[in-house]
Amino acid sequence: MPSLVVVSIEENIVQQRALYGEPLGDLVRRTAAALGLTQAAMAKVLGLSPAMLSHLVTGQRVKVANPVTLTRLRALVELADHAPGLTAADLQQRLDGIGTLVVDLTTSQQVATEATDGPALLRSALRAVASGRELAAAVTALAGTAPDLAELIRVYGTGTEAEMRVHWANLPR
């Protein structure tokens with residue numbers, strides 16, 4: 001007869017699959033590996049204790065309850081798609097940025113923002129509605145008909161922090 005703990009963990013993993021499309025253990029391990037992070041380092045970026053992340057990864061807990069942590073996890077998963085093309089400095093800069101993301105709960109839609117940081121807000125908005133692959137496809141599709149819009153999507157959707165800052169500084173006001 002299976003123990004209650006094993007059955008509970010198995011049920012939790014089934015619930016994680018329903019919520020996230022896969023068990024959090026698989027998602028976290030794949031993302032951490034792509035970013036070159038230990039589980040403890042990933043917990044730090046997420047704003048969780050290593051023990052809490054371990055509970056999620058092993059199925060002892062079902063879901064990420066904190067909307068800020070969930071926003072950061074989504075941003076890390078998205079960043080993992082771009083990690084192979086980033087320098088170590090760019091990767092660290094993006095990880096630092098993700099670690100400062102907050103969630104604006106004053107609207108019905110949760111939007112990842114960094115308070116008063118226009119470039120980060122624009123990046124968060126783009127990444128909230130499209131994946132890196134979708135943003136790159138939009139850039140290609142718009143390049144011939146709306147090159148300024150294509151550049152904006154490229155810079156804030158997939159560009160480096162430095163590119164964002166330069167572009168932002170040169171926007172007409």
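Helices and strands here are DSSP runs, numbered from the N terminus. On that basis the loop between helix 6 (88-98) and strand 1 (102-104) is where G99 sits. The model is a predicted one.

The protein holds 10 helices and 2 strands. Read from the N terminus, the order of elements is α-α-α-α-α-α-β-β-α-α-α-α. Of the 173 residues in the protein, 39% are buried. Among contacts with a separation of 6 or more, 57% are between residues 24 or more positions apart.

G99 can serve as a starting point. Its relative accessible area is 27%, and because buried means under 20% and exposed over 50%, G99 is partly exposed. Leaving aside neighbours within four places in sequence, the contacts of G99 are with V45 and R72. R72 is 27 residues from G99 in sequence, and the C-alpha to C-alpha distance between the two is 6.9 Å.

R72 also leads to the pairing of helix 5 and helix 6, since R72 is one of the helix 5 residues in that contact. Helix 5 (residues 67-82) packs against helix 6 at an angle of about 165 degrees, and the axes are 10 Å apart. Angles over 145 degrees count as roughly antiparallel, and helix 5 and helix 6 are therefore roughly antiparallel to each other. Their crossing is right-handed. On the helix 5 side the contact involves R72, A75, L76, L79 and H82, which meet L91, R94, L95 and I98 of helix 6. Sorted by class, the residues of this contact are 6 nonpolar, 1 polar and 2 charged.

Helix 6 also contains Q92. With a relative accessibility of 42%, Q92 counts as partly exposed. Along the chain Q92 and L35 are 57 residues apart, while their C-alpha atoms are separated by 9.5 Å.

L35 belongs to helix 2 (residues 24-35), and V28 is placed in that helix too. V28 has a relative accessibility of 4% and so counts as buried. The C-alpha atoms of V28 and L76 are separated by 9.3 Å, with their positions 48 residues apart along the chain. Apart from neighbours within four places in sequence, V28 is in contact with M42, L53 and V57.

Two of these partners, L53 and V57, are also found among the buried residues of helix 4. Helix 4 (residues 50-57) has L53, L56 and V57 as its buried residues. Viewed down the axis of helix 4, these fall within an arc of 95 degrees, so they line one face of the helix. Just after helix 4 comes G59, which takes a positive phi of about 85 degrees.

Helix 8 (residues 132-142) can be read in a similar way. Its buried residues are G132, L135 and V139. They cover an arc of only 60 degrees around the axis, which puts them on the same side of helix 8. The face turned away from the buried side carries the exposed residues R133, T140 and A141. The cover over the buried residues of helix 8 includes helix 5, helix 7 and helix 9.

Of these covering elements, helix 7 and helix 9 each have a contact with helix 10. What is the angle at which helix 7 and helix 10 cross? The axes of helix 7 (residues 118-129) and helix 10 cross at roughly 115 degrees and come within 9 Å. This crossing is right-handed. G118, P119, A120 and R123 of helix 7 meet E161, M164, R165 and W168 of helix 10. By class, the residues of the contact are 4 nonpolar, 1 polar and 3 charged.

The other contact joins helix 9 (residues 147-158) to helix 10 (residues 161-170), where the axes come within 8 Å and cross at roughly 140 degrees. That angle makes helix 9 oblique to helix 10. Helix 9 contributes E151, L152, R154, V155 and Y156 to the contact, and helix 10 contributes E163, M164, H167 and W168. These residues divide into 5 nonpolar, 1 polar and 3 charged. M164 and W168 of helix 10 thus take part in the contact with helix 9 and also in the contact with helix 7.

Conventions. Residues numbered from 1 in each chain as written. Predicted model: local features only at pLDDT ≥ 70, side-chain atom pairs only at ≥ 80, totals over all residues. Heavy atoms only, no water. Helix = DSSP H or I, 4+ residues; strand = E, 2+ residues; numbered from the N terminus. Buried < 20%, exposed > 50% of the residue type's maximum accessible area, 1.4 Å probe, protein only. Contact = heavy atoms within 4.5 Å. Axes fitted to C-alpha atoms, helices over the stretch in contact; angles between N-to-C directions. Parallel < 35°, antiparallel > 145°, perpendicular 65-115°, else oblique. Nonpolar A, V, L, I, M, F, W, Y, C, P; charged D, E, K, R; others polar. Arc of directions from axis to C-beta. Left-handed = near helix turned anticlockwise from the far one by under 90°.
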